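Subject: Structure handover

Hello,

Here is the structure you were due to receive. My notes on it follow below the model.

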Amino acid sequence: METSLLRLDRIQAAPLEREPFDYTYVPEALEAAALPAIVGDFPTVPAGGSYDVSTLDCGPAFARLVEALGSDAFRAPFEEKFGLDLRPYPFHVTVRGQVRGRDGGIHTDSKDKVLTGLLYLNPVWTEDGGRLRLLRNGSDIDAYAREIEPVAGNMVVFRRSDRSWHGDLPSLGRRLSLQFSWVSGEAYARREMAGHRLAGWMKRVTGRQFR
């Protein structure tokens, strides 16, 4: 299993933060030398919204990254930090390549998710919007405990709960990210995959957004 793309030392050393909810932030979680190839092999994402990675044509460096994220070596530090045995939970990866002005509203994620992670790949980011904010409540986007720039392998992983509020200010354009989650059952992963496949087909046929 390919794990050399990951900075496992940084991932292991990153502390578990408790406020405003349980999360760990890992700046530059990928090897800097690997980033250009990963970005170059980022799949073509036909429209806004999330796509199940299995539905996309990924280049070899990007495919190796996805494989590394599904490894035992990557999972283990989060089991230790969050005090969880994640082995029973299916691992699910989606990809975003574009953001739309309406994306990024305050939310807590589906209750089917146990842990959620976001990994950002843009080489640079100059917009005011589009930076992930970990929020203190579900109503004020400016009440944030941490703001994460969506660049250079920055990664955040958090425990999904009824107070794991997050979101970002609106932005437009190309923002490269992966969302990975350990989910509470195979049924969730199958449902999500089916939904992403259907939405992708409808986007290609009609040009409209459905997710």
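Three strands make up an open sheet, ordered β6-β5-β8, with antiparallel pairing. Its edge strands are β6 (144-148) and β8 (166-167), each of which pairs on one side only. Here strands are DSSP runs of E with at least two residues, helices are runs of H or I with at least four residues, and both are numbered from the N terminus. Two strands count as paired if DSSP finds at least two bridges between them. Strand β5 (residues 132-135) is joined to β6 by four bridges, in the antiparallel sense. One residue of this pairing is Leu134, whose bridge partner in β6 is Arg146.

Before going further, please note that this is a predicted model, in which local features need pLDDT of at least 70 and side-chain atom pairs count only at pLDDT 80 or more, while totals for chains, interfaces and linings use all residues. Residues are numbered from 1 along each chain as its sequence is written, and side-chain values use heavy atoms, with hydrogens and water left out.

The chain as a whole

There are five helices and nine strands in the chain. Their order along the sequence is α-β-α-β-α-α-β-β-β-β-β-β-β-α. Of the 211 residues, 53% are buried, meaning under 20% relative accessible area (exposed is over 50%, partly exposed is in between; 1.4 Å probe, protein chains only). The accessible surface comes to about 9,700 Å², and carbon and sulfur atoms hold 49% of that. These areas come from the Shrake-Rupley method with a 1.4 Å probe; for residues, only the protein chains shown count as cover. Among contacts (heavy atoms within 4.5 Å) with a separation of 6 or more, 80% are between residues 24 or more positions apart.

Strand β7

Strand β7 (residues 155-159) has four of its five residues buried. Four bridges link β7 to strand β1 (residues 23-26), antiparallel, and Tyr25 has Val156 in β7 as its bridge partner. Five bridges link β7 to strand β4 (residues 113-120), also running antiparallel; there, Thr116 is matched with Phe158 of β7.

Nonpolar cores

A nonpolar core is a set of buried Ala, Val, Leu, Ile, Met, Phe, Trp, Tyr and Cys residues joined through side-chain atoms within 4.5 Å. The largest one has 40 residues, and Phe78 and Leu121 have the most contacts inside it. Elements giving two or more residues to this core include α1 (8-13), α4 (72-82), β3 (91-99) and β7. Helix α3 gives the largest share, six residues. Beyond four places in sequence, Phe78 touches Ile11, Thr24, Gly83, Leu86, Leu115, Met155, Val157 and Trp182. A second, separate core has 10 residues, including Tyr23, Leu118, Tyr120 and Leu132.

Two loop residues

Leu56 sits in the loop between β2 (51-52) and α3 (60-69). Leu56 counts as buried because its relative accessibility is 14%. Its C-alpha atom is 6.3 Å from that of Pro43, 13 residues away along the chain. Outside the four places on either side in sequence, Leu56 is in contact with Pro43, Thr44, Val45, Tyr51 and Val95.

Asp168 lies in the loop between β8 and β9 (173-183). Its relative accessible area is 12%, so Asp168 is buried. Leaving out neighbours within four places in sequence, Asp168 has contacts that include Asp103, Gly104, Arg131, Leu132 and Arg175.

Regards
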